[in-house]
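Got your viewer open? Let's walk through this one stop at a time, with something to select at each step.

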Amino acid sequence: MTLLLQVVRLSQHFPVSGPLFGPKRVVHAVDEVDLAIERGEALGLIGESGSGKTTLGRTILQLYPPSGGRIMFEDVDVTGARGATLRQLHRRMQMIFQNPYSAVNRRKNIGEIISEPLRVHGVRNAAARTRELMELVGLPAAFVSRYPHEVSGGQLQRVGIARALALEPDFIIADEPTASLDISVRAQVINLLAHLRERLGLTLLFISHDLSIVSYLCERVAVMYLGKIVEIGPKADLEQQPLHPYTRALLSAIPRPNPRERRLQSAPLGEIPSAVERPSGCHYHPRCPLAMAVCKVDYPQLELKAMGRWVACHAVESAK
Ligand code: SF4
């Protein structure tokens, strides 16, 4: 396999207003993240709301310019791409948004929404390609003249997927694409994504707070907490033997079919802290049942702790 995307120490810090004469306050939404995704791979990114997953996805696409670090696409440094270069990059990298209703222009019909990127990039035969895309995502041809309010949430998310695929991208970031849908249609959309991934050979970064969906679609999983990756590894290993206490807590929060099944540990304690005033040292220490004195002063680096497993935790022994 070849590397398609790599981010190196990627950061996204937003200044926020604070007291007039006080220190400047900053939201560390994404903080020195390292990630690499092979061509054809599906990497899941999980974490609670407020962990920085969506901001990381948007920063990779450079919908916001990064505050620091590098983005490499096919070994080319594309950090800071602008204008025509960024437009060309967006042919190759696309995003499926969480809420299909807020991601589309409701005054345009389905055909216009799907064909918009084709027209922006001057693609010929936009009408034929639009019909092809609608068929690909399972939308009836008659929907071409319907408006967003005339279709269901699941159908509108199919429109979002068709639009994201219009320019035949290599890399898709799917940001909780089923979170705003009825539970009854979630499985259909997930199955569609799995089918499209296989048929089109897509590389996927799938963002979700739901590990069960991520494990259905992805080969590897990265866990994010307060702007940092705290564990990354093959899905099966991470599910069977989570190493970071936060991963263990996330896994234990998943409802089990058998309520008597023993949980590894209780769900994360309390609320995720603010990304403006992150706890010192390991940011997870106020919620961590294994916290030690060192955890309050020293942030643990992401290190190889077992075959293919990178973990940021003082309590997990390094690979020999
Ligand atoms: Fe818990 Fe310390 Fe590991 Fe952080 S470094 S997860 S506080 S044991």
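The tour starts at the ligand, moves on to the cysteines and ends at a sheet. Keep in mind that this is a predicted model.

**Stop 1: the ligand.** Select the ligand and show what is around it. You should pick up 13 surrounding residues. Which of them are the closest? Those are Cys282, Cys288, Cys295, Cys313 and His314. Now color this shell by class: 10 residues are nonpolar and three are polar, while charged residues are absent. If you have a cavity surface on hand, switch it on, and you'll find the ligand in the largest cavity.

**Stop 2: the cysteines.** Go back to Cys288, one of the closest residues to the ligand. Is Cys288 buried or exposed? Its relative accessible area is 16%, so it counts as buried, the cut-off being under 20%. Next, select Cys218: this one is buried too, because its relative accessibility is just 2%. Don't go hunting for disulfides, though, as the structure has zero of them.

**Stop 3: the sheet.** Switch to cartoon and select residues 3-16, which make up strand S1. Add its partner S2, at residues 25-38; the two run antiparallel and are joined by 10 bridges. For a close-up, zoom in on Pro15, which sits opposite Val26 of S2. Now bring in the rest of the sheet: four strands, open, antiparallel in their pairing, in the order S2-S1-S4-S5. Which strands form the edges? They are S2 and S5 (76-77), each pairing on one side only.

Conventions:
Residues are numbered from 1 along each chain as its sequence is written. This is a predicted model: local features need pLDDT of at least 70, side-chain atom pairs count only at pLDDT 80 or more; totals for chains, interfaces and linings use all residues. Side-chain values use heavy atoms; hydrogens and water are left out. A residue is near a molecule or strand if one of its heavy atoms lies within 4 Å of it. On a 1 Å grid over the protein atoms alone, a cavity is a set of points where a 1.4 Å probe fits but cannot get out, and a pocket is an open set with protein on both sides within 12 Å along at least five of seven lines; lining residues have an atom within 4 Å of a point. A molecule sits in a cavity or pocket if more than half of its atoms lie within 2 Å of its grid points. Ala, Val, Leu, Ile, Met, Phe, Trp, Tyr, Cys and Pro count as nonpolar, Asp, Glu, Lys and Arg as charged, and the others, Gly among them, as polar. A disulfide is a pair of cysteine sulfur atoms within 2.5 Å. Buried means under 20% relative accessible area, exposed over 50%, partly exposed in between (1.4 Å probe, protein chains only). Two strands pair if DSSP finds at least two bridges between them.
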